Amino acid sequence: MKKIEHIGIAVKNLEAANATYKALLGRAAYKTETVESEGVSTSFFKIGESKIELLAATNSESPIAKFLEKRGEGIHHIAFAVEDIEAEISRLKSEGFELINKNPKPGADNKLVAFLHPKSSNGVLVELCQEK
Ligand code: ZN
């Protein structure tokens, strides 16, 4: 693991949250992107080496819609940058972590991503991401 790449925050309304985080961080989102296959709209803010990713649902079946229903708005996941996602997946498997994605998949922000199940990391959804 190289560093915290970003922190993902689930929000109900992306436009409204973009305005809130622009006021909070003193800069606008540098990118907004919808990943239709995942049912999410995202926006990204840069803070030094790390980023904040805001995530809103694009439909009621979206994992973000389900998260909001269960837990409300708030921190959704922590993403770690990795050099070699395949190697990290096998390392974490051998350490006994449960993976949601056994193979990397395309994510937002030009990344290959894989998620660990929160029950194997103390209730925190962990995302691994590798620059494409
Ligand atoms: Zn993320």
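This passage describes a zinc site and a set of paired strands in a predicted model.

The zinc ion is bound by four protein donors, namely His6 (NE2), Glu53 (OE), His77 (NE2) and Glu127 (OE). These donors lie 2.1 to 2.2 Å from the zinc ion. The angles among the 4 donor atoms run from 84 to 175°, and the site is irregular. For four donors to count as tetrahedral, all angles must lie between 85 and 135 degrees, so the range of 84 to 175° at the zinc ion does not meet that condition. For comparison, the ideal angle for four tetrahedral donors at a metal is 109.5 degrees.

Along the sequence, the donor residues of the zinc ion follow the spacing H-x46-E-x23-H-x49-E. Distant parts of the chain are thereby linked: histidine 6 belongs to strand 1 (residues 3–10) and glutamate 127 to strand 8 (residues 126–131), with their positions 121 residues apart in the numbering. Histidine 6 has a relative accessible area of 3% and is therefore buried, the cut-off being under 20%. Glutamate 127 is also buried, at 6%.

Strands 2, 3 and 4 are considered next. Strand 2 (residues 31–35) pairs with strand 3 in the antiparallel sense, over 5 bridges. Within this part of the structure, lysine 31 is placed opposite phenylalanine 44 of strand 3. The hairpin of strand 2 and strand 3 has 4 residues between the strands, and glycine 39 in this hairpin adopts a positive phi near 70°.

Strand 3 also pairs with strand 4, again in the antiparallel sense, here over 8 bridges. One position in this pairing is threonine 42, whose bridge partner in strand 4 is leucine 55. The hairpin formed by strand 3 and strand 4 has 2 residues between the strands, and its turn contains glycine 48, with a positive phi of about 55°. Strand 3 (residues 40–47) is largely enclosed by the rest of the structure, because 6 of its 8 residues are buried.

Alanine 56 is located in strand 4 (residues 50–57). The relative accessible area of alanine 56 is 5%, which means that this residue is buried. Apart from neighbours within four places in sequence, alanine 56 contacts Val11, Lys12, Leu14, Gly39, Val40, Ser41 and Ile64. Among these contacts is Gly39, the glycine with positive phi in the hairpin of strand 2 and strand 3. Threonine 34 is 22 residues from alanine 56 in sequence, and the C-alpha atoms of the two residues are 9.3 Å apart in space.

Conventions. Residues are numbered from 1 along each chain as its sequence is written. This is a predicted model: local features need pLDDT of at least 70, side-chain atom pairs count only at pLDDT 80 or more; totals for chains, interfaces and linings use all residues. Side-chain values use heavy atoms; hydrogens and water are left out. Donors are N, O and S atoms within 2.8 Å of the metal (3.2 Å for Na, K and Ca); water is not among the atoms, so sites may look incomplete. Four donors count as tetrahedral if all angles lie between 85 and 135 degrees; four count as square planar and six as octahedral if opposite donors are over 155 degrees apart and all others between 65 and 115; anything else is irregular. Buried means under 20% relative accessible area, exposed over 50%, partly exposed in between (1.4 Å probe, protein chains only). Contact means heavy atoms within 4.5 Å. Two strands pair if DSSP finds at least two bridges between them.
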